[in-house]
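Student: Before we discuss anything, could you put the sequence and the structure in front of us? I would like to learn how such features are read.

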Amino acid sequence: MNQVYITPNEWSVIEEGFNAERVMSSESLFSLGNGAMGQRANFEENYSGETFQGSYIGGVYYPDKTRVGWWKNGYPEYFAKVLNAPNWIGIRVLVNNCELDLNTCQKISNFKRELNMKEGWHKRSFQAILENGIEVKVEALRFLSLSHDEAGAINYQVTPIHQSAEITFIPYLDAGIKNQDSNWDDQFWEITNVENTTNQAFIESHTLKTLYHVGTFMESKLFLNNEIQAIQPQVEKSKSHVAFHYSVAVEAGQTASIQKFAGYVTSLNHDASQLIDASKNVLNEVTSIGFEGLLQEQIEAWANIWEMSDIVIEGDVKAQQGIRFNIFQLNQTYSGKDERLNIGPKGFTGEKYGGSTYWDTEAYCLPFYMATKNQEVAKNLLIYRYNHLDKAIENAEKLGFKNGAALYPMVTMNGEESHNEWEITFEEIHRNGAIAFAIFNYHRFTGDYSYIPEMGMEVLIGIARFWQQRVNYSEDKKKYVMLGVTGPNEYENNVNNNWYTNYIAKWCMEYMLENLAILAKDFASDYKRILKKTKLKDEEIEAMKEISANMYFPYSEKYDVYLQQDGFLDKDIATVDQLNQEERPINQFWSWDRILRSPYIKQADTLQGFYFFEDQFSKEELEKHFDFYEPLTVHESSLSPCVHSVQAAKLGRMEQAYEFYLRTSRLDLDDYNREVDEGCHITSMAGTWMSIVEGFGGMRVKDNALHFEPQIPENWKSYTFKVNFRNTVLSIQITQDGFEISADKEVKESIKVFGKEISPVITTQKVNS
Ligand code: BGC
């Protein structure tokens, strides 16, 4: 059962009342992250009920040995796992020696959690009667610092309500951690050192095989009624654990609190042999700023993020909370500061999906980062793939391709494929197209061509070569066909001529050739260098021209639509509304073979192509395809509703667009897919942003101009968003009776609203609808 319990609020995610059944869902929803690390919203104190403990460090992973029923040649040896890292948030709490544990308390009242998205912190407060009958009031505030991204801070306060009591805080570090999703129950970490000073503690550990060295550290301070207590704590140490014991006698109504500063330093950014020193430096820095000072910095850092990326919706609190939750989580997951990192489908909120990088980044996330950050951030996402090109070539070689053909992995951490389901690893090859599309999209939006001659051209050549080798000529059809693939709709496997895959393959070859001609003409030295390096031959170029001009696309005369794949019409085309609603989501109720034989579509597939290549089809064609495919779509991928929302808005179906928007923006908050306990759907959150900006706002870049075709849902008073278009920040407000745009400086680019040129925007311009 999905549980809807989040209190609507414009700036915060709020849960009121304690319910043990919601603990794991809330651990996902209230997660914290700062781009460098993140953690599920686990309780600081002990909790013996059902919980999913999770702390993660960006870029630190483990190659878990593959587990499959039947080994197939070409499978990767391992599945890269986002690694559950040492826990630094833990603080055991004893009241007169009785453990505070919400699972065993006699009574819990006034339980409230708040994730304050405006300021970037998480607070939990409650009253509890412990097993020994003592009632305490607790308030715990925690954040992961954006300004010092190796550290976080916790302020944990306990007030005995009716009687005096001895309060013991036991802040600890625990490195004896396992991944919930480990394949063989193997040990992923080796712990090499546990040490402490009077009030600082450290654990050094490294991942096995990948040898990432991590220093986990903490320092705590005890307070009574806000006065620091000079207590020398007792130390408790084991091979994987270190804790300090602080006890203090507290009168009824008085408050004892502990401040804990903690975090990680890693060999990604420090010399592996200097991690204790590096930890001490971080601790000294953050403790000298102090809890309040750090919190203040946090508030300012988030204010800066919101200044650019906020979307303000007037008149619809649930929609407002939804979009802010999405924007908040995206910023928690990826800051764009480090080109080695990427955006995992679960971010730092869970382990499912393993590795960090899917086609999701290029297909769904890039537009958000392009428009709400500076250009470098989006470029870093492209550079990430350039840095993985050699591995993509090796990956294709493993599958029998040659001459520098590149197949980017479905899932990766370091460029190597780490997914091992044959129908996805070997067949869901459309992902390769998204990498090329992102290069096109980046250039289209930013106007910056430099990436293509510097790096992108090599990527495009590798990808185009893959497609050239992957197709074959069908004598029967007198066309080039692509056999045995899985399209974006994973509810069909091993199909022939998936329309989307064939289309993007053709486009990739054409786009590569188009850019090759530009380089030959305008970037002669890059052209020479690239031809020499890639050894691209004339025969290959000719073959690509021939294939792209003669690619086969399945088509139905009867319905006048392109078919998702050759055999699609052999299915019993019964629409989703005829399904037994009790059996949804079908992936939780039906056998896999029943799903595969059904006409039900997991996510946009043919429509994904219409989304990417909108300009290549008429509105009538879009409408026809939308009306054919959407009624068959179960939207069981989080990536589905956003594309449909953008398209419904384009077709002027605002009610439907709004429904899809709400579903995508509140997918996790309202747990539509009944799985939020496993973590949040981070990559689809960028799709929510697209639903508003591209869907309702109608923003597109066409012919080097920025276009808007604004519409507004009936129940909204207004909505406002900003985009950084070619280094000018445009602020756009859409109300029920008009559109206003302003810019932070004179706009040199062409801007059009409903096709009418409104630039140069110097001051605010108003266009009435
Ligand atoms: C979707 C894929 C996506 C993956 C990670 C799957 O459920 O079908 O398209 O890449 O999730 O988000």
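Tutor: We shall take the pocket, then the ligand, then some backbone features. This is a predicted model, in which local features need pLDDT of at least 70 and side-chain atom pairs count only at pLDDT 80 or more, while totals for chains, interfaces and linings use all residues. Residues are numbered from 1 along each chain as its sequence is written, and side-chain values use heavy atoms, with hydrogens and water left out.

Student: Which residues lie nearest the centre of the largest pocket?

Tutor: A pocket is an open set of points on a 1 Å grid over the protein atoms alone, where a 1.4 Å probe fits, with protein on both sides within 12 Å along at least five of seven lines; its lining residues have an atom within 4 Å of a point. Here the largest pocket has 35 lining residues, and those nearest its centre are Lys352, Tyr353, His419, Glu490 and Lys602. Its volume, the space filled by probe spheres set on the points, is about 860 Å³.

Student: Which residues surround the ligand?

Tutor: Counting residues with a heavy atom within 4 Å, the ligand is surrounded by Pro345, Tyr353, Tyr358, Trp359, Asp360, Glu490, Lys602, Gln603, Ser637 and Leu639.

Student: Where do polar contacts with the ligand occur?

Tutor: A polar contact is a pair of N or O atoms within 3.5 Å. A polar side-chain atom of Trp359 lies 3.0 Å from a ligand oxygen, a polar side-chain atom of Glu490 is likewise 3.0 Å from an oxygen atom of the ligand, and for Gln603 the distance from a side-chain N or O atom to a ligand oxygen is 2.5 Å. By the Shrake-Rupley method with a 1.4 Å probe, the protein covers 93% of the 310 Å² of accessible area that the ligand has on its own.

Student: Where is there a cis peptide bond?

Tutor: It joins Arg584 and Pro585, with omega about -5 degrees. Taking helices (H or I, at least four residues) and strands (E, at least two) as DSSP runs, Pro585 sits in the loop between strand E25 (561–562) and helix H13 (592–597).

Notes. A polar contact is a pair of N or O atoms within 3.5 Å; within protein, one must be able to donate a hydrogen and the other to accept it, and residues adjacent in sequence count only if both atoms are side-chain atoms.
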